[in-house]
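Q: I am new to this structure and would like to go through it step by step. Could we begin with a term that will be needed, and then turn to the model itself?

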Amino acid sequence: MSEPTVPHEPVLSVANLAIELPAGADRLYAVEHVSFDIHRGETLAIVGESGSGKSMSANAVMGLLPPGTRAAQGTAKLDGIDLLRLDAEAMRAIRGRRIGMIFQEPMTALDPLMRIGDQIAEVFEAHGLLAPAERRARALALLTEVGIPEPERAIHAYPFQLSGGQRQRVVIAMALALDPVLLIADEPTTALDVTTQAQILKLIRELQDKHGTAVMFITHDFGVVADIADRVVVMSKGRVVETGAAADVLGAPQDAYTRQLIAAIPTGRPAAGDGPRKAAGETVLEVRGLTKTYRSAGGFFRPARVVHAVRDVSFDLARGETLGVVGESGSGKSSLGRCLVRLIEPDAGSIRLNGQETMGQSVGEMRIWRRRMQMVFQDPYGSLNPRTRVGRIVAEGPIAAGMPIGAALKKAGDLLALVGLDASAVDRFPHEFSGGQRQRIGIARALALDPEIIIADEAVSALDVSIQAQVLRLLADLKTRLDLALIFITHDLRVAATICDKVAVMRKGEVVEMGPAAQVFGDPQHEYTRRLIAAIPGRAEGDAFGARAAAI
Amino acid sequence: MQTLQFLLSRLAKGILVVLAIVVLDFVLIHLAPGDPASVMAGESGATDEAFVQQLRVKFGLDQPFTTQLGLYIWGVVRLDLGFSHRQQMPVLDLVLDRLPATLLLTGAAFVFSLTVGVVMGAWAAAHKGRPLDRIITTVSLVFYATPLFWMALMAVLIFSVWLDWLPAFGLYDVGGNATLGERALDVARHLVLPAVTLGLFFTAVYVRMTRASMIEVARQDFVKTLRAKGLSERVILRRHVLRNAVLPVVTLAGVQAGQMVGGAVMTETVFAWPGIGRLMYEALIQRDYNLLLGVFVVSAAMVVVFNILTDLVYRMVDPRIEVSR
């Protein structure tokens, strides 16, 4: 969508950038030999996995490098002025005025104690522009422009009163308030639901067309790249490994790392040669009419509020089968998983495990069957006790179930080997492992009690694509080897389509559509499912996952 | 509207709490050995059982326990806290007579510790890791660790005895024909030592809390957004970081405010300050149970009132509270 290149100067030209890390880091430079240009009206995507240095490069341009790091070499010229040589005050005058920036986490990107309108008006104030009344008028106009519903009301709202997507719109409004020549977007849609993501991407695109802004778009998601980028820079371990037009890089990647990254993207098609899937075993789990309703406690004068987290959900799960539960945040998919293992107590319904009713049991009775149903959690950083050795973390379940400590620790070692970790892992602490490795530990922990059912709650959502692919393979492999049933809760439809036999689509606590994965994704019946699929980045009309398949 | 609802519901709960405290205090005091009648009789040298019994009848101590409790609660409801036979005055008058001095002392200590604590803490946070930060944190640690009574005695020794800058005892010493301004100045001079002594501990707490909280808030995502807008560091710190950082301090200030009435016993004793704390101490020594109970009830009511005030302030500084409660 960039204008055909009239040979004009790039808006931003980064050449040979190197960012020095504090002494004692694992490498000398966070990024090295990084060069790229962005032209007016163009979108440059910088793609890479965590630790590739893509955000670091953006922060260097913005003059917002974390303490201890500094741009040691190279230049970053914005309209001919080298940003890396500016002093703090000159750089401050550029931020917000010449370069706008939006961030990954809209929930925390705004001051929680200040009204939205004031926060937008502050941009003008920071650069000494306009009188207070005009600032307010401009704030209102900006809110309207970024598509916030009822801008006259929103201007008085506090951030907590807006949804994540709306907050991201506010951040965009602030970033574009002074019509900057360059917009840096650092993973701006990663934390958003897929339909919201599609809306935000559309908004950025529209505003860019209208104002001719150059956009530097940092992402790890090749689907997003396919949707919005004119040109792509692929980074790995602090270096640029490939640069080129989006179609070229996606269609015919030259570099081995780029090829590997693209190959790791969930295809949305079941892996070939997965064997006869229909040979599912006997039913292990029958759920009927499961319901959990939250009522906020009303006070003396307050009416109670009712939220249906899980509403009349029923399904069967057979040995060797994978059920995907998909939906946006707040759809109740995580509540469903927690209800099943009774981390939260359902209000009504029936959960039969191997034909035996488990509802209405005492805590003691629950302990006996709970080991047959184990959970793997989303956050590989937060779900392991940082002060406990990994072997002990894995062995804790069996020990609590009465296994002698020695035997349990030995079993832990075996399990860690099973999930592909080194035997020495037993004596180490969680912080010594990467995110992918920690998720393997989480899986080993879940397996320690020899469960029949594993519930994976967004188990790969926090991981880079290549790591994600490995963990998904591991789960699929374990499922066949140990003849497990798997409930896979995810917001990522591509992942669900890749590994699930059956899919349940949830919205507002209810299952709106359920069926074999190929059927749900190939021929969605419910309007909501169709909307979700339409919002997946990087897809073409007609085929849910076709675009990338074609691109690859 | 919502604030009014909130206030009403909190007041209703507060009244229940105070009544529960009245019952508890009443029971506890009557569990203590020796009743006021025998103490008074013993002091006046009378050992005559009939005389003690006469006193008991006069004080209502001969009635069954539940009747005494019921009568007392009925009195509290009508704002009648009983009669101090020792002082020959209604308890409420005695308490109200001493309350202003205590409120003045603790209020001054409160304002002192809050302003100095937050300002110093913010200052230290802005200079994190540099000499100024080290000096402020070290000094606040010293005050944090020093016992109150020792600090009080040292303050008297240095500023009254050696330097003779400030008076050490009492509330005022100017005679009756002084002007209002002279009186105010006189009271203020008397107020400095006890208020500062009383406030130093909390000052130290606020310094450390504000500093830690500001450093934590400064690491949050939204601060990066503010920088990206081009705001200066000064505005970011004052307008955004400090305001967010002060929330936990407000919580703690509520605790301090609640302690204000009952918590100044030691300071009032050392500085001979005619407040509630000393009244309570005297009542305890003299087994003036009605007076003691009265002080308890008033202190409890004050704690409840300050808690409600804290919550109101909290609702003003943090807009999120309204919905989540």
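A: To begin with the term, axes are lines fitted to C-alpha atoms, for helices over the stretch in contact, and angles run from 0 to 180 degrees between N-to-C directions. Please note also that this is a predicted model.

Q: At what angle do the axes of helix 6 and helix 8 of chain B cross?
A: The axes of helix 6 (residues 131–145) of chain B and helix 8 (residues 180–218) of chain B cross at roughly 140° and come within 8 Å. Helix 6 of chain B and helix 8 of chain B are therefore oblique to each other.

Q: Is the crossing of helix 6 and helix 8 of chain B left-handed or right-handed?
A: The crossing in which helix 6 of chain B passes helix 8 of chain B is left-handed.

Q: Which residues meet there?
A: From helix 6 of chain B come B:Ile136, B:Thr137, B:Ser140, B:Phe143 and B:Tyr144. They meet residues of helix 8 of chain B, including B:Leu200, B:Phe201, B:Val207 and B:Arg211. By class, this contact of helix 6 with helix 8 of chain B has eight nonpolar, three polar and two charged residues.

Q: What about helix 5 and helix 6 of chain B: at what angle do their axes cross?
A: The axes of helix 5 of chain B and helix 6 of chain B cross at roughly 145° and come within 8 Å. Their crossing is left-handed. Helix 5 of chain B contributes B:Met120, B:Trp123 and B:Ala124, while helix 6 of chain B contributes B:Leu132, B:Asp133, B:Ile136 and B:Thr137. The classes in this contact are five nonpolar, one polar and one charged.

Q: How does helix 5 of chain B pack with helix 13 of chain B?
A: Helix 5 of chain B and helix 13 (residues 289–317) of chain B pack at an angle of about 55°, and their axes are 9 Å apart. These two helices of chain B are therefore oblique to each other. Helix 5 of chain B passes helix 13 of chain B in a right-handed crossing.

Q: And which residues make that contact?
A: On helix 5 of chain B they are B:Val91, B:Leu92, B:Leu94 and B:Val95. On helix 13 of chain B they are B:Asn290, B:Leu291, B:Gly294, B:Val295 and B:Val298. Seven of the residues in the contact of helix 5 with helix 13 of chain B are nonpolar, two are polar and none is charged.

Q: Changing topic, which domains does chain B have?
A: The domain assignment gives chain B a domain 1 (2–92) and a domain 2 (96–324). The centres of these two domains of chain B, taken over C-alpha atoms, are separated by 32 Å.

Q: How many residues of each domain of chain B are in contact with the other?
A: In chain B, 23 residues of domain 1 are in contact with 19 residues of domain 2. On the domain 1 side, helix 1 of chain B gives the most, with 12 residues. That side of domain 1 of chain B has 14 nonpolar, six polar and three charged residues.

Q: Now the two chains: how many residues does each give to the contact?
A: Chain B gives 20 residues and chain A gives 27 residues. Helix 1, helix 9 (221–229) and helix 10 (233–259) of chain B each supply at least two residues of the chain B side. Helix 9 of chain B gives the most to that side, with seven residues. The side of chain B that touches chain A divides into five nonpolar, eight polar and seven charged residues.

Q: What confidence does the predictor give?
A: The complex has an ipTM of 0.79 and a pTM of 0.79. Chain A has a mean pLDDT of 85, with 92% of its residues at 70 or more, and chain B has a mean of 83, with 93% at 70 or more.

Q: Which elements of chain B have the lowest and highest mean pLDDT?
A: Helix 14 (residues 321–324) of chain B has the lowest, 55, and helix 9 of chain B the highest, 92.

Q: And where in chain A is pLDDT under 50?
A: One such stretch is residues 1–6 of chain A, for which the model has six contacts beyond four places in sequence. Over residues 272–278 of chain A the pLDDT is also below 50, and this stretch has one contact beyond near neighbours in sequence. Where pLDDT is low, the predicted coordinates should not be read in detail.

Notes:
Residues are numbered from 1 along each chain as its sequence is written. Chains are lettered from A and ligands numbered from 1 in the order in which they are written. This is a predicted model: local features need pLDDT of at least 70, side-chain atom pairs count only at pLDDT 80 or more; totals for chains, interfaces and linings use all residues. Domain bounds come from an automatic or database domain assignment. Two residues are in contact if their C-beta atoms, placed from the backbone, lie within 7 Å. Helices (H or I, at least four residues) and strands (E, at least two) are DSSP runs, numbered from the N terminus. Ala, Val, Leu, Ile, Met, Phe, Trp, Tyr, Cys and Pro count as nonpolar, Asp, Glu, Lys and Arg as charged, and the others, Gly among them, as polar. pLDDT is the predictor's confidence in each residue, from 0 to 100. Angles under 35 degrees count as roughly parallel, over 145 as roughly antiparallel, 65 to 115 as roughly perpendicular and the rest as oblique. A crossing is left-handed if the near helix is turned anticlockwise from the far one by less than a right angle, and right-handed if clockwise.
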